[in-house]
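Q: Please take a close look at chain B, and then set beside it whatever can be said of its partner. I would like one connected account.

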Amino acid sequence: MGGVLRRYGPVLTAAILLAVASWLLLLVVLPQVLMVDFSFRPSLPPSKAGGPEDVYTLRNYATLWTNQIHLAIFLKTIWASSLVTAVTLAVCYPVAFYLAQVAPRRRLPTLVLMLVIPFWINELLRTFAWYIILAYNGPLNALLVGLGIFSEPQRLLGGDAGVIVGMVYVYILFMVFPIMNAMESLDRNQIEAARDLGAGWLRIHRRIVIPHAKPGIAVGCIMTFMLAAGSYAVPALLGGPQSRWFTEVIYNWFFEGGNWNQGAAYAFILLILCIAFILLMMRLFRVGLTDIAK
Amino acid sequence: MTAASFRRWLTGAYLVLFFGYLFLPLGIMAAATFNSSRFPTVTPWMGFTLQWFGALWADQRMWQALGTSLLVGAGVIAVAVPLGLAAALLLDRLHSRARTFLYAVMVSPLLTPGVIVGISTLVFWREWFGVTGGLFLTVLAQSSFIAAYAMLLFLARLQRFDPTLEEAALDLGATHGQVFRRITLPYLTPAILSASFLAFLQSFENYNTTLFVRGLDTTLTVYIASKVRTGLTPAVNALSLILIALTILGAVVYEILRRREARRQPDPA
């Protein structure tokens, strides 16, 4: 703290501390704390707030276990988000490896720019593109019927499959960049040496590339899972009443059910799910928090 | 064909497929703008038209939503960029466990699902201050995580800063205010510009967080989502096409500026 004061002087230091404190307290920490507090209270009309009925309760959390539909949606959100994460990882790994280790250096900036451009395009627009592709009279159905795979167009929108396909597309770049960045620091000579010593491709990846890229893989998986589990746009556009997502249930508690306490409890459950996934990844890849938060 | 050249061929084919996968859906969406079908599609092709740009131009609610988005974006720049700057200046001077802890708290909004950022902001401001959803909360909720992006950008630039410049100026009798205005801020100007640009982009495209705190206000992204579900015409594609063109333009300009900056300041690291 002395270093801060010496460098910036009293006035600037005070301004910096005030700004950081108001950001972290008013915009980050206190809202989270209050949301959690809110989730343990019953939903009461304003006249009864603070009254004898306003006590801490687990009732809002019990709802998830007693409501079979919500529980099924929650569990589906978990496995579908895991599937999205696994598929994006499988698709991205070769691309990240190529860009970080194989691509000629002079072509690299252009290739990276070609990744950055779709990454910057609005998530909602990228979802909308799949809405058009998957539509009943859309190009995918036309292609599949044209090739004779289907005899007539199928309903591709409004189900879980469409949502998952859309999510893979929308969140794929959150997987590419962390893995690519992690692989870039691997010395190409290490791979050469392993190959000269007779290691096959599989072994080179298992013993050299993957261990080196572990923090990047962990970050990519964490980001993708968090975005998929927390996505509202993709299921709202590509899904339907039969393929609701947990975020949609939360939204309904707030804006249709009018029970904010219940919604806050579900939101906290979603947050716990994401934290649990982060811990799982840290355990699985044996990386620390400092490796992830780079 | 040898094994090596087969592998090279396979790699090339995979890359073509991958980039095709990235761009083809956007191309199809763009192409549907010019199809004179009432519903946005490319199959069947009903003939070339530009009518949907006109329909978009005449859409009053679209203009209103665009205005809201611009306003929110400006608000987010005004809030998130100074917060991110202050946070980076503070972190840059801390070397301890306090730094690790603060850093973790600062980046935590980036690892939190956007809907939860929106919900916690909505609950907190209603309970403590009686503020309900609207432009104000939208700016605050978006800033809470966009400030973290800004902080990371500033921190990256500060790491290459030579602190002896400031010390020399202080030794020569400059005040702290002068040092900040004449040395630190000018050095950080490129980062301020890129942080503002990214903050605006993040704000403009945000959907998950905005949805919970917007109240009765509609940003352009929220408007597009509502149009897709009710009243979808290729005018939405025309809008998407324009936004994508602007994004590509922005990305290319940003990249050119970044490369020029990188050439001017060779990075020793």
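A: Helices here are DSSP runs of H or I with at least four residues, strands are runs of E with at least two, and both are numbered from the N terminus. The model is a predicted one, and what follows should be read with that in mind.

With those terms, the secondary structure of chain B amounts to eleven helices and zero strands, so that its pattern along the sequence reads α-α-α-α-α-α-α-α-α-α-α. Chain B is more spread out than a compact globule, because its radius of gyration is 23 Å, well over the 18 Å that the globule rule gives for 269 residues. The C-alpha trace of chain B spans about 75 × 70 × 30 Å along its principal axes, and 43% of the 269 residues count as buried. If one takes the contacts in chain B between residues at least 6 apart in sequence, 74% of them join residues at least 24 apart.

The UniProt record, an unreviewed entry, places the feature "domain: ABC transmembrane type-1" at residues 66–254 of chain B. Over that stretch the chain is 81% helix and 0% strand, with its end C-alpha atoms 23 Å apart. The record, again as an unreviewed entry, also lists residues 12–32, 70–91, 103–125, 131–155, 185–204 and 235–257 of chain B under "transmembrane region". Two of these segments can be set side by side: residues 185–204 are 100% helix and 0% strand, with end C-alpha atoms 26 Å apart, whereas residues 103–125 are 74% helix and 0% strand, with end C-alpha atoms 25 Å apart.

A local feature of the backbone lies in the loop between H1 and helix H2 (51–57) of chain B, where Pro44(B) is placed. The peptide bond leading from Thr43(B) to Pro44(B) is cis, with omega near -5°.

Turning to the partner, the contact between the chains takes 68 residues from chain B and 70 residues from chain A. On the side of chain B that touches chain A, helix H1 (residues 3–32) of chain B provides the largest share, twelve residues. The residues on that side of chain B divide into 46 nonpolar, 17 polar and five charged.

Within chain A, helix H3 (residues 68–102) has 35 residues and reaches 50 Å from its first C-alpha to its last, close to the 51 Å expected at 1.5 Å a residue. H3(A) nevertheless carries a kink of about 35° at Cys92(A), shortly before the proline Pro94(A). Helix H5 (residues 123–134) of chain A has twelve residues and reaches 17 Å from its first C-alpha to its last, close to the 16 Å expected at 1.5 Å a residue. H5(A) is mostly covered, with twelve of its twelve residues buried; among them are Glu123(A), Arg126(A), Trp130(A) and Leu134(A).

Burial is in contrast at Arg286(A), which is found in the loop between helix H13 (260–285) and helix H14 (289–292) of chain A. Arg286(A) has a positive phi of about 50° although it is not a glycine. A residue counts as exposed if 12 or fewer other C-beta atoms lie within 10 Å of its own, and Arg286(A), with 11 other C-beta atoms within 10 Å, is therefore exposed.

Notes: Residues numbered from 1 in each chain as written. Chains lettered and ligands numbered in written order. Predicted model: local features only at pLDDT ≥ 70, side-chain atom pairs only at ≥ 80, totals over all residues. UniProt positions renumbered as here; feature names shortened; annotations may be inferred. Expected span 1.5 Å × (residues − 1). Bend = angle between axes of the 7 residues up to and from the residue. Contact = placed C-beta atoms within 7 Å. Nonpolar A, V, L, I, M, F, W, Y, C, P; charged D, E, K, R; others polar. Rg over C-alpha atoms; globule rule 2.2 N^0.38 Å. Buried ≥ 20, exposed ≤ 12 C-beta atoms within 10 Å, placed from the backbone.
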